[in-house]
Structures are given as C-alpha cells and as structure tokens.
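The following exchange examines how terms for rings, burial and strand pairing are applied to one protein model. Each answer sets a value against its criterion.

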Amino acid sequence: MKTIQSIFVMLPFLVSAQAKTTEELRSQNFKKYAIQSAEINYKISGDAEGEEFMIFQDYGWKSLRQRTMTFELYGISSTQTLVELKDGDFIYRISEDDSTYLLKKDFKWSQQASYKQPGEVSEAILFSMGGEQLPTDSTLLDKKCQVWSFEGKALQELWVWNGLVLKRKAKLGDRLITTTATKVQIDITPLEGIFEIPSYFNEKK
C-alpha cells in the first residue's frame with residue numbers, strides 16, 4: 001500500500017493555546033499506548049473488501065493510517081480511501097486528489113493521559129463512547145484482546161490489545177464490515193518523513 005514518502009517537506013503546524021503536538025506531549029511524559037512504536041496491517045472483509053495500514057511512534061501520538069476499501073453501492077462498485085495523519089491532538093485528513101488537508105483537533109486522549117496509565121486511557125475512552133467490555137477475552141495473532149461491544153451504534157465491536165485495535169466490526173449503512181489485523185510489528189523504526197505533510201498541500205477551509 002502506498003505511503004507518504006520522505007521526499008515530502010514538513011508543513012509547519014499551527015499550535016493553539018490548548019491543542020498540543022507530539023513534542024509537547026512527549027515532554028510531559030504522556031503516553032497514549034503502552035507500546036512505543038508499531039506497524040499494523042489489516043484486511044477488510046464482510047460487505048466490503050480492502051486493506052488498512054497503521055504505523056505510529058512516540059507511544060501513539062504521531063501516527064499514519066491509510067485505508068482503501070471497495071464495496072457495491074446500488075449495483076456499482078465504489079472505492080473509499082482514507083489517509084490520516086495525527087500529531088498529538090491534531091488530526092490531518094489528507095486528500096491526495098487535490099493536495100489539501102482537513103484539520104481537526106481531538107483532546108480526549110491527551111486529557112486522559114494527563115492522569116492515567118496507558119491501559120487505563122483506552123478503557124476510559126471506550127467506555128465514554130458507550131462501549132461495554134465483555135467478560136471473556138479473545139485471542140488474535142497470539143495476542144490476548146479485550147472485547148468491547150457497542151449496542152445500537154454503527155461501531156459494533158472492537159478487539160483491543162494494549163490500547164491498539166486489532167479487530168473492528170462496524171456498520172456502513174446496511175453493510176457489516178470487519179477489519180482484522182493480519183500482521184503486527186512492534187518496536188519498529190518508521191521511514192524518515194512518513195508522518196509529514198507535503199509542503200505544497202493547503203488546508204481545506
């Protein structure tokens with residue numbers, strides 16, 4: 001799957017008074033996950049097919065997620081793509097078609113990490129999303145996962161290992177789509193520049 005390469009030049013991030021970058025969160029010793037860095041490959045199945053890729057460093061504060069998914073819509077094959085970069089509280093949805101990005105901010109992880117251990121952070125967030133942890137764990141790729149269910153929501157089920165989602169079941173309209181990890185590598189060294197936005201990209205207003 002195509003990734004953003006190191007030839008791209010970092011686009012300066014504008015920092016608000018509240019939102020924090022990876023560097024700021026690192027300096028405060030906040031951790032999103034218990035694992036420092038990892039790369040996860042997923043297969044998409046069910047009422048769609050495709051692949052997803054996620055890589056992170058700095059205990060999850062800096063990450064890249066890419067997804068390509070194909071499904072039938074009114075008898076016509078439709079493909080949905082996602083490229084998302086995260087830098088601390090900042091989320092960048094990248095559109096390679098028109099060289100733009102949509103900027104959002106998400107404070108819930110850093111707020112929880114300011115006073116909770118990594119394992120407690122993900123549990124608190126899943127609970128706030130309406131999740132219920134099932135009493136029995138399940139195993140995927142030899143990793144013991146907590147299983148969370150979400151009654152009456154588009155998100156149906158998550159399998160979580162060390163705060164990382166290894167399996168996800170979700171509804172897209174009347175379609176049930178399952179995203180399952182096929183390979184997990186931890187303690188990796190990401191390619192230089194993989195978390196950077198091309199300098200010629202513009203923010204979408």
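A residue is called buried when its relative accessible area is under 20%, and exposed when that area is over 50%. The model discussed here is predicted.

Q: Which term, buried or exposed, applies to Tyr-33 and Trp-109?
A: Both Tyr-33 and Trp-109 are buried. Since the term requires a relative accessible area under 20%, each residue falls below that limit.

Q: Why is the pair of Tyr-33 and Trp-109 called edge-to-face?
A: The ring centres of Tyr-33 and Trp-109 are 5.9 Å apart and their planes meet at 75°. Centres within 6.5 Å make a pair, and an angle over 60 degrees makes it edge-to-face; both conditions are therefore met.

Q: What makes this pair a tie between parts apart in sequence?
A: Tyr-33 lies in the loop between helix H1 (22–27) and strand S1 (38–46), whereas Trp-109 belongs to helix H2 (residues 108–113), so the pair ties together parts 76 residues apart in sequence. Tyr-33 and Trp-109 also form one aromatic cluster with Phe-56.

Q: Why is the pair of Tyr-200 and Phe-201 called tilted?
A: The centres are 5.2 Å apart, and the angle between the planes is 55°. Stacked rings require under 30 degrees and edge-to-face rings over 60, so 55° leaves the term tilted.

Q: Why is Tyr-200 called partly exposed, and what makes Phe-201 buried?
A: Tyr-200 has 48% relative accessibility, which lies between the limits of 20% and 50%, so it counts as partly exposed. Phe-201 has a relative accessible area of 6%, under the 20% limit, and is therefore buried.

Q: How do you know that the charged end of Lys-32 sits over the ring of Trp-109?
A: The charged end of Lys-32 is 4.8 Å from the ring centre, and the distance criterion is within 6 Å. Lys-167 likewise lies over the face of Trp-159, at 4.4 Å from the ring centre.

Q: What puts the buried residues of helix H3 (residues 118–128) on the same side?
A: Pro-118, Val-121, Ser-122, Ile-125 and Leu-126 are buried in H3. They cover an arc of only 120° around the axis, which puts them on the same side of H3. On the other side, Phe-127 and Ser-128 are exposed.

Q: How do you know that S1 and strand S2 (residues 49–57) pair?
A: Seven bridges join these antiparallel strands, and the criterion is at least two. Among the bridge partners are Asn-41 and Phe-53 of S2.

Terms used
Residues are numbered from 1 along each chain as its sequence is written. This is a predicted model: local features need pLDDT of at least 70, side-chain atom pairs count only at pLDDT 80 or more; totals for chains, interfaces and linings use all residues. Side-chain values use heavy atoms; hydrogens and water are left out. Rings of Phe, Tyr and Trp (its six-membered ring) pair if their centres lie within 6.5 Å; planes under 30 degrees apart count as stacked, over 60 as edge-to-face and the rest as tilted. Helices (H or I, at least four residues) and strands (E, at least two) are DSSP runs, numbered from the N terminus. Buried means under 20% relative accessible area, exposed over 50%, partly exposed in between (1.4 Å probe, protein chains only). A charge sits over a ring if NZ of Lys or CZ of Arg is within 6 Å of the ring centre and within 35 degrees of the ring normal. The arc is that of the directions from the helix axis to the C-beta atoms.
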